[in-house]
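Me: I would like to go through this model with you and ask how each label is earned. Could you show it to me?

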Amino acid sequence: MLRTLTRAGAAGLAFFAPVAAFAQEAAEAAAPVPNPGNNAWMMTSTILVLMMILPGLALFYGGLTRSKNMLSTMTQIGAIACLAMLVWVTYGYGLAFGPEGNQFISWGKFFLAGVTSDSTAATFSDEVISEYVFICFQMTFAAITAALVLGSTVERIKFSAVMVFGVIWLTIVYFPIAHMVWAGGGRFFEMGALDFAGGTVVHINAGVSALVAAMILGKRKGYPAEPMPPHSLTLTMVGTGLLWVGWFGFNAGSELEADGTAGLAMINTFVATAAAALAWMAVEKLMGHKASALGFCSGIIAGLVAVTPAAGNVGVFGAIALGAIASVVCFFAVSKLKPKLGYDDALDAFGIHGIGGMIGAIGTGIFHDASLGGPGGDLSMLDQTLVQLNATVTTVVWAAVGTAIAIYAAKLLTGLRVSEEVEFNGLDIGEHGERAYN
């Protein structure tokens, strides 16, 4: 009897086994699987953005400073990028892209809780990529944005102040703006604001923050009476080239897939930048100066900044127009507006990233329209531009207020600024005990 029951039970289990296996296979088929090609492209893009920081931005900014502050500038950029990476995986990813939240901030997945090798992140189609890859990609954006702010404060801010400022600024400025623009449920995301790769999140955010930080920190000793020319335009040129190459990861990577829109972002990153580089040198010549290497480098960065929000959102000739317009306006912001207002934005982070980011963000609303060669959308040109203006103004105010809080907190905790003796001798030896050149 027992043997009969056992055989009957085994037969029953055998009957249900194919049903269970079919159900499991159906569930696995329903779960989206990352496309290896997209994953590979996003991993490559992530490394390209890292190259923008180290060595790209470090060499670009370092070459623009005086030789006595070369290592200090590069060390600040590298250290704040490392700090941003650790803050990002601890709680920044959760605040920007967590599973719970409102229109201003999210929460959850702190310390990457629940993230595994099998978890995925959505793209802009029915594809997915590995969540770890998405986390890394967005992590590099947080790192470079924090580093960009330092372009206005180099040559007189303490290293300890940079680190304190970095943690607070990322928490109350960068993560909320990233959530509002790029996360489902975010304020600007739901409004339909277009920011393909970070015009608001990265450039307006960093540029406005740089201006506020520079004004609170105060001018360098001797500025503007004492000449403070770049000590190595050669290194700045090298950094510029690395930034341009890395920017393809920044822009084309922001499609999150290796598709036609990524290709559009790629060609726009070529032509907008080329137009901006030549436009800057042309306006230098028209203003009675020589077309300069510094102007060439500045134009390249202005074009890259302006095309960032527009990369996959405008046509090729719209990108060319945006790059040229931004370059000319940034030239006057750097050469006329800054001296007139008297602020010491040491490496023109506001004049290029802030101003260029605003032109790019608002201009995207105009050139996105199908009548100007863009892909078009549900909103009219006027309505889309008003949405872009709303996002721009809100980002400006948020960044300004948050930066003031962060910089005053750093001042309270660290004193913020180096002594006059350290500033005179250079931050390389005063803050780090070494020299760039012996």
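Reply: Happy to; below we take a few labels in turn and set them against their definitions.

Reply: This is a predicted model, in which local features need pLDDT of at least 70 and side-chain atom pairs count only at pLDDT 80 or more, while totals for chains, interfaces and linings use all residues. Residues are numbered from 1 along each chain as its sequence is written, and side-chain values use heavy atoms, with hydrogens and water left out.

Me: Why is Ala81 called buried?

Reply: Buried means under 20% relative accessible area, exposed means over 50%, and partly exposed lies in between (1.4 Å probe, protein chains only). Ala81 has 2% relative accessibility, so it counts as buried. Its helix is H3, residues 70-97; helices here are DSSP runs of H or I with at least four residues, numbered from the N terminus.

Me: What makes Leu382 exposed?

Reply: Its relative accessibility is 58%, so Leu382 counts as exposed. This residue lies in helix H13, residues 381-414.

Me: How do you know that the span of helix H11 agrees with what it should be?

Reply: The expected span is 1.5 Å times one less than the number of residues. For the 26 residues of H11 (316-341) that gives 38 Å, and the end C-alpha atoms are 36 Å apart, so the two agree. H11 does bend by about 35° at Ala333, where the bend is the angle between axes fitted to the seven residues ending there and the seven starting there.

Me: What makes Arg66 and Glu226 a salt bridge?

Reply: The rule asks for a side-chain nitrogen of Lys or Arg within 4 Å of a carboxyl oxygen of Asp or Glu. In this pair the closest N and O atoms are 3.7 Å apart, so the rule is met. The pair links distant parts of the chain, 160 residues apart: Arg66 is in the loop between helix H2 (36-64) and H3, and Glu226 in the loop between helix H7 (199-217) and helix H8 (233-252).

Me: Are these two partners buried or partly exposed?

Reply: Arg66 is at 13% relative accessibility and therefore counts as buried, whereas Glu226, at 37%, is partly exposed.

Me: Why is Glu155 called buried, and what does it meet in a salt bridge?

Reply: Its relative accessible area is 2%, so Glu155 is buried. Its side chain meets that of Arg220 in a salt bridge at 2.6 Å, N to O. Arg220 counts as buried too, because its relative accessibility is 6%.

Technical notes:
Helices (H or I, at least four residues) and strands (E, at least two) are DSSP runs, numbered from the N terminus.
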